Amino acid sequence: MADKRDYYEVMGLQKGASDDEIKKAFRQLAKKYHPDLNPGDKEAEAKFKEVNEAYEVLSDKEKRARYDQFGHAGVDPSYGAGAAGGSPFGQDIDFGDIFNSFFGGFGGGGGRRANPNAPRKGSNIETTIFVSFEEAAKGCKKTVSYTNYSVCNECHGSGAAKGTAPKVCHACNGTGQVQVTQRTPFGVVRTSRVCDACGGKGKTIETPCATCRGTGKVRTKRKVDIDIPAGINGEILQVSGHGNAGDNNGPYGDLRVRVEVRPHPIFERRGDDVWCEMPITFSQAALGGEVTVPTLDGKVSYNIHEGTQPNDIFKLKGKGVTHLGSSRRGDQYVKVVIEVPKHLTPRQKELLKEFDGTATEKNYGKRKGFFDKLKTMFGDDNKK
Ligand SMILES: [Zn+2]
Ligand SMILES: [Zn+2]
């Protein structure tokens, strides 16, 4: 079969022949080799068959396209095995294997076909816990509560009632897969599909364990203490072996804990630095002096300088958040907010007016600069 002639050659045509040329060639050749016109001529009979076969393929758009691409193997199911080169589908193909090689099979081992009885690691569990701003900044210990699938204590994961054991599935001999052979235009294709009898497990349980209903696993509430490292901010901590139970005595999956930080009423985190705003009175700003500043380490006193302006920022070195994975700390930045007093008493107003009467340009550099600019703009005395 490997020396099967090319269909175009059979028809005496070039590869790009038009539909009309194909039809015309067929009519001529069919007449030439028709058995009725060549009684007893074995060679003519064979040629007539060959022409018919070629026409059947070349006159059908789809078949012709496949033939053009894959040659005889593209259109003849019996062709292929042992064919010399050419077609990518020239060999028997096992689509199950192709699938497994793309997706790594079930076990992820990349083997030919996953053994349903091989130990498999359990799936991971994801959960989120919340910590305070201070806890995240300095690190802490937390108890995480979660629910997982644990190995059933009653049957030790087998799923079979006490005193019984799972049996190897007869339908698939324990492989969990059954082979399906199909003849297709691409050749003989073997595919495997999940065994219906056992659902791919490779075994059947006659008397299921009552505790886990034959699954071998039970939902279990669990707690685990974890160390939250200082400097964390939305990262995920992995607690190995605290996820769901594996299959066939495979290891437990992991617990993945996302640590979310609650916002703080005063502090705001920017990288490893802590920012806050601090209201002071306008006389504090003008006179300077000691103020009490909240930090992650408690209250500290800070000397603001005389003539501090609104939105001035001062820095407290090393009072920020510990950098994740080190002992280095960021800084704290404090932005000054000057609060203008409201609801003044007549006496207070009197004092302020008295103060104002003594103020000069020297006291208000910005104001002076502003009115100097106005002066150059309008050439006029706009003051007050
Ligand atoms: Zn059980
Ligand atoms: Zn089976």
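Visitor: What spacing do the donors of the zinc ion (ligand 2) follow along the chain?
Guide: In this predicted model, the protein donors of the zinc ion (ligand 2) are the SG atoms of Cys169, Cys172, Cys195 and Cys198, which lie 2.2 to 2.3 Å from the ion. Read along the chain, these donors follow the spacing C-x2-C-x22-C-x2-C.

Visitor: Which arrangement do the four donor atoms around the zinc ion (ligand 2) make?
Guide: Four donors count as tetrahedral if all angles lie between 85 and 135 degrees. The four donor atoms around the zinc ion (ligand 2) subtend angles of 102 to 114°, and the arrangement is therefore tetrahedral.

Visitor: Does Cys195 count as buried or exposed?
Guide: A residue is called buried when its relative accessible area is under 20%. Another donor of this ion, Cys198, has 8% relative accessibility and so counts as buried. Cys195 has 2% relative accessibility, and for that reason Cys195 also counts as buried.

Visitor: How many residues apart in sequence are the parts that Cys152 and Cys209 tie together?
Guide: The zinc ion (ligand 1) is coordinated at 2.2 to 2.3 Å by the SG atoms of Cys152, Cys155, Cys209 and Cys212, and in sequence these donor residues are spaced C-x2-C-x53-C-x2-C. Cys152 lies in the loop between β3 (140–151) and β4 (167–168), while Cys209 lies in the loop between β7 (203–204) and β8 (217–228), so the pair ties together parts whose separation in sequence is 57 residues.

Visitor: What arrangement do the donor atoms make around the zinc ion (ligand 1)?
Guide: Two of the residues at this ion are buried, since Cys152 has 1% relative accessibility and Cys209 has 2%. The four donor atoms around the zinc ion (ligand 1) subtend angles of 104 to 118°, which makes their arrangement tetrahedral.

Visitor: Which strands stand at the edges of the open sheet of four strands?
Guide: This open sheet has mixed pairing, and its strands come in the order β11-β12-β16-β15. Each edge strand has a single partner strand, so one side of each is left without a neighbour in the sheet, and the strands in this position are β11 (268–270) and β15 (313–316).

Visitor: Which residue in β12 stands opposite Arg270?
Guide: Strand β12 (residues 273–281) pairs with β11 in the antiparallel sense, over three bridges. Standing opposite Arg270 in β12 is Asp273.

Visitor: Which residue follows α9, and near what value is its phi?
Guide: Helix α9 (residues 365–378) has 14 residues and reaches 20 Å from its first C-alpha to its last, close to the 20 Å expected at 1.5 Å a residue. The residue that follows α9 is Gly379, whose phi is positive, near 55°.

Terms used:
Residues numbered from 1 in each chain as written. Chains lettered and ligands numbered in written order. Predicted model: local features only at pLDDT ≥ 70, side-chain atom pairs only at ≥ 80, totals over all residues. Heavy atoms only, no water. Donors = N, O, S within 2.8 Å, 3.2 Å for Na, K, Ca; no water. Tetrahedral: all angles 85-135°; square planar, octahedral: opposite > 155°, others 65-115°. Buried < 20%, exposed > 50% of the residue type's maximum accessible area, 1.4 Å probe, protein only. Pairing = 2+ DSSP bridges. Helix = DSSP H or I, 4+ residues; strand = E, 2+ residues; numbered from the N terminus. Expected span 1.5 Å × (residues − 1).
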